[in-house]
Amino acid sequence: MRQAARPAIYRYALLTRLSHWLWLVAFLVLVGSGLQIFNASPNLDASDKSDAARRVLAIGSPADGVGTTTIFGHTFVTTNWLGWTGDGLGSRGAHAFGASITIPGYQDLSGGRRWHFFFAWVAAICWFAWLFSSAIKGSLREMILRPGDLPKLWPMQAYYLKLRKAPPPHGIYNPLQKAAYTAVLFAVAPLVVITGLALSPGMDAIAHPLTAVFGGRQFARLWHFVGMLLLLGFFAIHTFQVLTQGFFNQMRSMVTGWYQPE
Amino acid sequence: MRRRLFIASGLSTLSGCGPISAALSQNGGVQRVLASVEPLNHVLIGTRGLAQEYSERDVDRDFRVNGFATPSDARYASLVASNFAGYRLVVDGAVERPRAFSLDELDAMPQRNQITRHDCVEGWSAIGKWGGVALAAILDSVQPRSDARYAVFRCMDNDGSGNLYYESLDLHQARHPQALLAMRLNDAPLHPDHGAPVRLKVPTQLGYKSAKWIARIEVVGSFANIAAGRGGYWEDQGYEWYAGI
């Protein structure tokens, strides 16, 4: 028999909800426009200047109708997925990432750059405003992984894998959530911002160590791409968890702020 | 890989790419909003400091050729045939002393070499050793008037439809110590494919600023009346005038 519902709690402040959704939009635009920019030179080199001998990723089209992806020298045929894809104008062509996932869909480097630079500001301002306000309010503390949480990481994972009946005791956020949020907020997001800046020749002239520390301009481009993949990984797990753990309650709380405890 | 594609296709569904992004990308108002961050980036990054200079062993001996096709008109062919003996770099406009420099005159000015990285807007980079005359020295010799704000570089190459390439720098960028009118690449006179006899090299900005095959430098107060009015061939196609990022 169900117990009477406990009173709803006001879980997310307006700034948190606003920055969350704005950040989602910015993130999707940044990924799509970033892939558009990548398409203009679909290689990633672990070097300062372009260097085919240090190529980590190359997406290409060696012949009409064929797309290939080369990772660390191993080539895979990826026709219709990577290398030879939709051009956004009704047919297919030699584009690394297809029109369905780039912004704009059709090939347009200058358009991709405009979307990217605008939403880079939106994402950075959201990130900073939310981080600043959460730090002032003290709510950020509940999300940060502490040394005391480390022994609880595996028991939490074991609980998710159904190897354990109950999760280890924790606060609002469990140890795995804390690890993910801490990594994204303080490692991956700064990595993506800094490597993006490091790609800029104007920035390189002002603060060369910023570019040098990542191994040079092309290497920074590689790290920028890796940072995007890590954020996509976080996004995928985050979405999976929201979908599987009380989707409507989660969505309501991130839209209205009110969460209904079980 | 498949997992990433799965996630990526999920993304595109969520963001409703395709028709929506195409419509927004072709909406003038939306594009003006997106472009609104360019002045901010210009102010914050600007033209400060010096681009990294490299050593001889970093140089790409076979420097990548890009940009428009090498001019194929009769005038350029005759310049090449005469080893650019008849070439004059015209510097005029809002200046006190307009001049036309021959290659010998340019060679007689103080020369500087710099080994810098060329960063293309497409994303690739190459390193070359560029030799020539500081653009600041040219400007000093013609003395820009008080109403002068930009140096516009008029080029001999065209896009295949007759539109000549051009670029512009403001005078602060043009007087940057690494803004170079290059006549040599990797210790050899510029090859026609690399912009002979004189090209610009601005290592603090993306490669499209470094105009090739320069015929004339026109000093102006405003570039609003030149071509589509945005200060350069690629700028007229939607690229940023400030190319520091």
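Is the crossing of helix 1 of chain A and helix 2 of chain A left-handed or right-handed? The crossing is left-handed, a term used when the near helix is turned anticlockwise from the far one by less than a right angle, with right-handed used if the turn is clockwise.

This is a predicted model, in which local features need pLDDT of at least 70, side-chain atom pairs count only at pLDDT 80 or more, and totals for chains, interfaces and linings use all residues. Residues are numbered from 1 along each chain as its sequence is written, while chains are lettered from A and ligands numbered from 1 in the order in which they are written.

## Chain A

Chain A has eight helices and eight strands; these are DSSP runs numbered from the N terminus, with helices being H or I of at least four residues and strands being E of at least two. The C-alpha trace of chain A spans about 65 × 45 × 35 Å along its principal axes. Of the 262 residues in chain A, 35% are buried. A residue is buried if 20 or more other C-beta atoms lie within 10 Å of its own, exposed if 12 or fewer, and partly exposed in between, the C-beta atoms being placed from the backbone. Among the contacts in chain A with a separation of 6 or more, 53% are between residues 24 or more positions apart. Two residues are in contact if their C-beta atoms, placed from the backbone, lie within 7 Å.

## Helix packing in chain A

The axes of helix 1 and helix 2 of chain A come within 8 Å and cross at roughly 150°. That makes helix 1 of chain A roughly antiparallel to helix 2 of chain A. The residues of this contact divide into 18 nonpolar, eight polar and one charged. Here Ala, Val, Leu, Ile, Met, Phe, Trp, Tyr, Cys and Pro count as nonpolar, Asp, Glu, Lys and Arg as charged, and the others, Gly among them, as polar.

Helix 3 (residues 153-160) and helix 4 (residues 175-198) of chain A pack at an angle of about 110°, with their axes 8 Å apart. Helix 3 of chain A and helix 4 of chain A are therefore roughly perpendicular to each other. Leu153(A), Met156(A) and Gln157(A) of helix 3 of chain A make the contact with Pro175(A), Leu176(A) and Ala179(A) of helix 4 of chain A. Five of these residues are nonpolar, one is polar and none is charged.

Axes are lines fitted to C-alpha atoms, for helices over the stretch in contact, and angles run from 0 to 180 degrees between N-to-C directions. Angles under 35 degrees count as roughly parallel, over 145 as roughly antiparallel, 65 to 115 as roughly perpendicular and the rest as oblique.

Gly227(A) lies in helix 7 of chain A and is buried, with 20 other C-beta atoms within 10 Å. Leaving aside neighbours within four places in sequence, Gly227(A) is in contact with Val188(A), Leu191(A), Val192(A) and Thr195(A). Gly227(A) and Val188(A) are 39 residues apart in sequence, and their C-alpha atoms are 6.0 Å apart.

## Chain B and the interface

The contact between the chains takes 39 residues from chain A and 45 residues from chain B. On the side of chain A that touches chain B, helix 1 (14-39), helix 2 (109-137), helix 5 (201-206) and helix 7 (217-244) of chain A each supply at least two residues. Helix 2 of chain A gives the largest share, eight residues. This side of chain A divides into 22 nonpolar, eleven polar and six charged residues.

Arg48(B) is in the loop between helix 4 (37-45) and helix 5 (74-81) of chain B. Not counting residues up to four places away in sequence, Arg48(B) touches Ala205(A) and Ile206(A). Arg48(B) counts as partly exposed, with 14 C-beta neighbours inside 10 Å. The C-alpha atoms of Arg48(B) and Gln173(B) are separated by 9.0 Å, at 125 residues apart along the chain.

Chain B is assigned domain 1 (1-35) and domain 2 (49-236), with bounds from an automatic or database domain assignment. The centres of the two domains of chain B, taken over C-alpha atoms, are separated by 37 Å.

## Backbone exceptions

Most residues other than glycine have a negative phi, and most peptide bonds are trans. The table gives two cis peptide bonds and two residues with positive phi.

| Item | Backbone angle | Place |
|---|---|---|
| Ile103(A) to Pro104(A), cis | omega near -15° | Pro104(A): loop between strand 7 (92-93) and helix 2 of chain A |
| Ala196(B) to Pro197(B), cis | omega about 0° | Pro197(B): loop between strand 8 (188-189) and strand 9 (199-201) of chain B |
| Lys162(A), positive phi | phi about 65° | loop between helix 3 and helix 4 of chain A |
| Asp187(B), positive phi | phi near 70° | loop between strand 7 (180-185) and strand 8 of chain B |

Lys162(A) is exposed, with 7 other C-beta atoms within 10 Å. Asp187(B) counts as exposed, with 10 C-beta neighbours inside 10 Å.
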